[in-house]
Amino acid sequence: MTEKMNCLDTRLNIFFDKLRSLFTEMDDKYAEAANFYEFHCRGCRNNCCESLFHHHTYLEFFYLKKGFGALSAQVRDNVLKRAQKVVQETRGIRGKNSRVRIMCPLNIDGLCILYRYRPMICRLHGIPSELKILSQNASCPGKKNISAGCETFYKQCGHKSYYPFDRAPFYMKMSQLEKELKETFAFHKKLKMTVAEILITAPDEL
Ligand code: SF4
(Lines give C-alpha, C1' and ligand atoms only; values in the text may rest on other atoms or scores of the structure.)
Protein backbone atom coordinates (compact mmCIF):
# COMPACT_ATOMS: atom_id res chain seq x y z
CA MET A 1 0.00 0.00 0.00
CA THR A 2 1.29 3.46 -0.83
CA GLU A 3 2.11 6.19 1.67
CA LYS A 4 -0.86 8.24 0.51
CA MET A 5 -3.20 5.30 1.07
CA ASN A 6 -1.87 4.82 4.62
CA CYS A 7 -2.28 8.47 5.32
CA LEU A 8 -5.85 8.52 3.98
CA ASP A 9 -6.81 5.24 5.60
CA THR A 10 -7.80 6.49 9.06
CA ARG A 11 -9.99 9.26 7.72
CA LEU A 12 -11.48 6.91 5.13
CA ASN A 13 -12.62 4.40 7.75
CA ILE A 14 -15.61 6.50 8.69
CA PHE A 15 -16.71 6.46 5.05
CA PHE A 16 -16.06 2.72 4.80
CA ASP A 17 -18.42 2.11 7.76
CA LYS A 18 -21.17 4.03 5.99
CA LEU A 19 -20.45 2.28 2.68
CA ARG A 20 -20.60 -1.14 4.35
CA SER A 21 -24.01 -0.36 5.77
CA LEU A 22 -25.21 0.85 2.33
CA PHE A 23 -23.87 -2.34 0.73
CA THR A 24 -25.74 -4.40 3.36
CA GLU A 25 -28.96 -2.59 2.41
CA MET A 26 -28.32 -3.35 -1.27
CA ASP A 27 -27.47 -7.00 -0.61
CA ASP A 28 -30.60 -7.45 1.55
CA LYS A 29 -32.85 -5.91 -1.11
CA TYR A 30 -31.20 -7.99 -3.82
CA ALA A 31 -31.67 -11.18 -1.75
CA GLU A 32 -35.34 -10.27 -1.17
CA ALA A 33 -35.93 -9.98 -4.94
CA ALA A 34 -33.84 -13.08 -5.75
CA ASN A 35 -35.84 -15.07 -3.19
CA PHE A 36 -39.09 -13.89 -4.74
CA TYR A 37 -37.97 -15.10 -8.18
CA GLU A 38 -36.13 -18.14 -6.75
CA PHE A 39 -33.23 -16.94 -8.86
CA HIS A 40 -29.87 -18.65 -8.39
CA CYS A 41 -26.78 -16.90 -9.71
CA ARG A 42 -24.71 -19.82 -10.89
CA GLY A 43 -23.74 -21.78 -13.96
CA CYS A 44 -23.66 -18.74 -16.24
CA ARG A 45 -22.44 -19.11 -19.78
CA ASN A 46 -22.11 -15.33 -19.94
CA ASN A 47 -20.38 -14.56 -16.67
CA CYS A 48 -21.15 -10.94 -15.69
CA CYS A 49 -17.56 -10.65 -14.40
CA GLU A 50 -16.61 -10.61 -18.11
CA SER A 51 -18.54 -7.37 -18.66
CA LEU A 52 -16.40 -4.27 -18.84
CA PHE A 53 -18.24 -2.26 -16.18
CA HIS A 54 -17.01 1.21 -15.29
CA HIS A 55 -17.09 2.44 -11.70
CA HIS A 56 -17.46 6.10 -10.85
CA THR A 57 -16.82 6.72 -7.18
CA TYR A 58 -13.65 7.38 -5.21
CA LEU A 59 -15.38 5.61 -2.35
CA GLU A 60 -15.57 2.31 -4.23
CA PHE A 61 -12.05 2.89 -5.55
CA PHE A 62 -10.61 3.13 -2.02
CA TYR A 63 -12.78 0.35 -0.63
CA LEU A 64 -11.63 -2.07 -3.32
CA LYS A 65 -8.04 -0.98 -2.64
CA LYS A 66 -8.54 -1.70 1.05
CA GLY A 67 -9.64 -5.26 0.27
CA PHE A 68 -6.83 -5.67 -2.22
CA GLY A 69 -4.28 -4.50 0.36
CA ALA A 70 -5.36 -7.29 2.71
CA LEU A 71 -4.51 -10.04 0.19
CA SER A 72 -1.20 -11.86 0.40
CA ALA A 73 1.72 -10.39 -1.56
CA GLN A 74 1.71 -13.39 -3.89
CA VAL A 75 -1.99 -13.09 -4.72
CA ARG A 76 -1.65 -9.31 -5.17
CA ASP A 77 1.20 -9.83 -7.59
CA ASN A 78 -0.77 -12.37 -9.60
CA VAL A 79 -3.88 -10.15 -9.71
CA LEU A 80 -1.84 -7.10 -10.75
CA LYS A 81 -0.36 -9.03 -13.68
CA ARG A 82 -3.87 -10.05 -14.75
CA ALA A 83 -5.08 -6.46 -14.35
CA GLN A 84 -2.22 -5.11 -16.49
CA LYS A 85 -3.12 -7.60 -19.19
CA VAL A 86 -6.81 -6.62 -19.12
CA VAL A 87 -5.91 -2.92 -19.34
CA GLN A 88 -3.59 -3.58 -22.29
CA GLU A 89 -6.16 -5.67 -24.10
CA THR A 90 -8.95 -3.14 -23.61
CA ARG A 91 -6.89 -0.05 -24.45
CA GLY A 92 -8.50 1.78 -27.33
CA ILE A 93 -12.07 0.92 -26.42
CA ARG A 94 -12.07 3.01 -23.24
CA GLY A 95 -15.19 5.16 -22.97
CA LYS A 96 -16.82 3.43 -25.93
CA ASN A 97 -19.94 1.38 -25.50
CA SER A 98 -18.04 -1.79 -26.24
CA ARG A 99 -19.48 -5.26 -25.96
CA VAL A 100 -16.02 -6.77 -25.52
CA ARG A 101 -15.96 -9.53 -22.93
CA ILE A 102 -12.90 -10.08 -20.79
CA MET A 103 -12.66 -11.65 -17.34
CA CYS A 104 -12.22 -9.31 -14.37
CA PRO A 105 -8.77 -9.87 -12.80
CA LEU A 106 -10.43 -10.45 -9.42
CA ASN A 107 -12.39 -13.44 -10.67
CA ILE A 108 -10.27 -16.51 -9.96
CA ASP A 109 -11.69 -19.92 -10.83
CA GLY A 110 -15.18 -18.48 -11.17
CA LEU A 111 -15.23 -16.68 -7.82
CA CYS A 112 -14.68 -13.04 -6.87
CA ILE A 113 -11.74 -13.01 -4.46
CA LEU A 114 -12.81 -9.59 -3.13
CA TYR A 115 -16.51 -10.40 -2.84
CA ARG A 116 -16.97 -8.35 0.36
CA TYR A 117 -15.37 -5.35 -1.30
CA ARG A 118 -16.94 -5.61 -4.77
CA PRO A 119 -18.44 -2.41 -6.22
CA MET A 120 -22.11 -1.48 -6.42
CA ILE A 121 -22.65 -2.56 -10.05
CA CYS A 122 -21.41 -6.06 -9.23
CA ARG A 123 -23.94 -6.22 -6.38
CA LEU A 124 -26.98 -5.03 -8.31
CA HIS A 125 -26.45 -6.78 -11.65
CA GLY A 126 -28.63 -9.67 -12.75
CA ILE A 127 -32.13 -8.88 -11.50
CA PRO A 128 -34.58 -6.49 -13.27
CA SER A 129 -34.73 -3.15 -11.51
CA GLU A 130 -35.98 0.39 -11.97
CA LEU A 131 -34.98 3.95 -11.21
CA LYS A 132 -38.16 5.44 -9.78
CA ILE A 133 -36.99 9.04 -9.79
CA LEU A 134 -36.08 8.79 -13.48
CA SER A 135 -39.37 7.18 -14.37
CA GLN A 136 -41.28 10.01 -12.63
CA ASN A 137 -39.39 12.49 -14.82
CA ALA A 138 -39.67 10.42 -17.97
CA SER A 139 -41.45 11.78 -21.00
CA CYS A 140 -44.13 9.11 -20.60
CA PRO A 141 -45.50 9.63 -17.09
CA GLY A 142 -46.38 6.38 -15.45
CA LYS A 143 -44.19 4.34 -17.77
CA LYS A 144 -41.79 2.23 -15.76
CA ASN A 145 -38.11 2.56 -16.53
CA ILE A 146 -37.27 -1.08 -15.81
CA SER A 147 -33.84 -2.30 -16.80
CA ALA A 148 -33.45 -5.88 -17.90
CA GLY A 149 -32.01 -8.69 -15.85
CA CYS A 150 -29.14 -10.80 -17.13
CA GLU A 151 -29.41 -13.63 -19.66
CA THR A 152 -29.35 -16.32 -16.95
CA PHE A 153 -32.12 -14.52 -15.07
CA TYR A 154 -34.36 -14.64 -18.15
CA LYS A 155 -33.64 -18.31 -18.68
CA GLN A 156 -34.53 -19.16 -15.09
CA CYS A 157 -37.19 -16.58 -14.24
CA GLY A 158 -38.21 -14.68 -17.39
CA HIS A 159 -41.80 -15.97 -17.11
CA LYS A 160 -42.31 -14.47 -13.64
CA SER A 161 -43.92 -11.12 -12.89
CA TYR A 162 -41.71 -8.15 -12.00
CA TYR A 163 -40.75 -7.75 -8.33
CA PRO A 164 -40.31 -4.03 -7.50
CA PHE A 165 -36.62 -3.31 -7.10
CA ASP A 166 -35.80 0.40 -7.11
CA ARG A 167 -32.11 1.29 -7.39
CA ALA A 168 -32.70 5.03 -6.93
CA PRO A 169 -32.39 5.14 -3.10
CA PHE A 170 -29.05 3.32 -3.33
CA TYR A 171 -27.73 5.63 -6.05
CA MET A 172 -28.78 8.68 -4.04
CA LYS A 173 -27.13 7.46 -0.84
CA MET A 174 -23.97 6.55 -2.74
CA SER A 175 -23.93 9.93 -4.42
CA GLN A 176 -24.32 11.75 -1.07
CA LEU A 177 -21.49 9.73 0.51
CA GLU A 178 -19.29 10.35 -2.53
CA LYS A 179 -20.01 14.10 -2.34
CA GLU A 180 -18.94 14.16 1.32
CA LEU A 181 -15.79 12.18 0.56
CA LYS A 182 -14.80 14.42 -2.36
CA GLU A 183 -15.29 17.52 -0.22
CA THR A 184 -13.30 16.03 2.64
CA PHE A 185 -10.33 15.06 0.47
CA ALA A 186 -10.66 17.81 -2.14
CA PHE A 187 -11.03 15.41 -5.06
CA HIS A 188 -12.30 17.30 -8.08
CA LYS A 189 -11.74 15.06 -11.08
CA LYS A 190 -14.40 12.69 -12.39
CA LEU A 191 -13.57 9.05 -11.96
CA LYS A 192 -14.41 6.36 -14.51
CA MET A 193 -12.47 3.12 -14.19
CA THR A 194 -12.84 -0.59 -14.68
CA VAL A 195 -11.81 -2.87 -11.81
CA ALA A 196 -8.56 -3.60 -13.68
CA GLU A 197 -7.79 0.12 -13.93
CA ILE A 198 -8.57 0.64 -10.24
CA LEU A 199 -6.18 -2.14 -9.30
CA ILE A 200 -3.24 -0.74 -11.26
CA THR A 201 -3.83 2.91 -10.27
CA ALA A 202 -2.04 4.19 -7.18
CA PRO A 203 -3.99 6.67 -5.03
CA ASP A 204 -1.18 9.17 -5.66
CA GLU A 205 -2.19 9.19 -9.34
CA LEU A 206 -5.75 10.34 -8.66
S1 SF4 B 1 -15.11 -7.19 -8.67
FE2 SF4 B 1 -15.70 -9.30 -8.26
S3 SF4 B 1 -17.92 -9.42 -8.72
FE4 SF4 B 1 -17.12 -7.53 -9.67
S5 SF4 B 1 -16.61 -8.10 -11.78
FE6 SF4 B 1 -14.72 -8.35 -10.55
S7 SF4 B 1 -14.74 -10.50 -9.90
FE8 SF4 B 1 -16.82 -10.01 -10.61
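I count a residue as buried if 20 or more other C-beta atoms lie within 10 Å of its own, and as exposed if 12 or fewer do. I apply this throughout to what is a predicted model.

**Entry 1, helix H7.** I looked first at the face of H7 turned away from its buried side, and found there the exposed residues Met-172, Ser-175, Gln-176, Lys-179 and Glu-183. The buried residues that I noted in H7 are Phe-170, Met-174 and Leu-181. These cover an arc of only 25° around the axis, and therefore sit on the same side of H7. I then checked the length of the helix: the 18 residues of H7, 168-185, should span 26 Å at 1.5 Å a residue, and the end C-alpha atoms are indeed 26 Å apart, so the two agree. Just after H7, I found Ala-186 with a positive phi of about 55°.

**Entry 2, the whole chain.** I listed eight helices and four strands, and reading from the N terminus I wrote down their order as α-α-α-β-β-α-β-α-β-α-α-α. Of the 206 residues of the protein, 22% count as buried. When I took the contacts between residues at least 6 apart in sequence, I found that 82% of them join residues at least 24 apart.

**Entry 3, the largest nonpolar core.** I found 25 residues in this core, and those with the most contacts inside it are Leu-59, Leu-64 and Leu-199. The elements that give two or more residues to it are helix H1 (3-37), helix H2 (58-69), helix H3 (73-90) and helix H8 (195-200), and of these H2 gives the most, with seven residues. I followed Leu-199 separately: leaving aside its neighbours within four places in sequence, it is in contact with Phe-68, Val-79, Leu-80, Ala-83 and Pro-105.

**Entry 4, helix H2.** I recorded H2 as mostly covered, with nine of its 12 residues buried. The buried residues of H2 include the aromatic-ring residues Tyr-58, Phe-61, Phe-62, Tyr-63 and Phe-68, and also Glu-60 and Lys-65. For its length I repeated the earlier check: the 12 residues of H2 should span 16 Å at 1.5 Å a residue, and the end C-alpha atoms lie 16 Å apart, which agrees.

**Entry 5, the ligand.** Which residues surround the ligand? I listed Cys-49, Cys-104, Leu-106, Asn-107, Cys-112, Leu-114, Arg-118, Cys-122 and Val-195. Sorting this shell by type, I obtained seven nonpolar residues, one polar and one charged.

How values were computed. Residues numbered from 1 in each chain as written. Predicted model: local features only at pLDDT ≥ 70, side-chain atom pairs only at ≥ 80, totals over all residues. Contact = placed C-beta atoms within 7 Å. Core = buried A, V, L, I, M, F, W, Y, C linked by C-beta atoms within 7 Å. Near = placed C-beta within 6 Å. Nonpolar A, V, L, I, M, F, W, Y, C, P; charged D, E, K, R; others polar. Expected span 1.5 Å × (residues − 1). Arc of directions from axis to C-beta.
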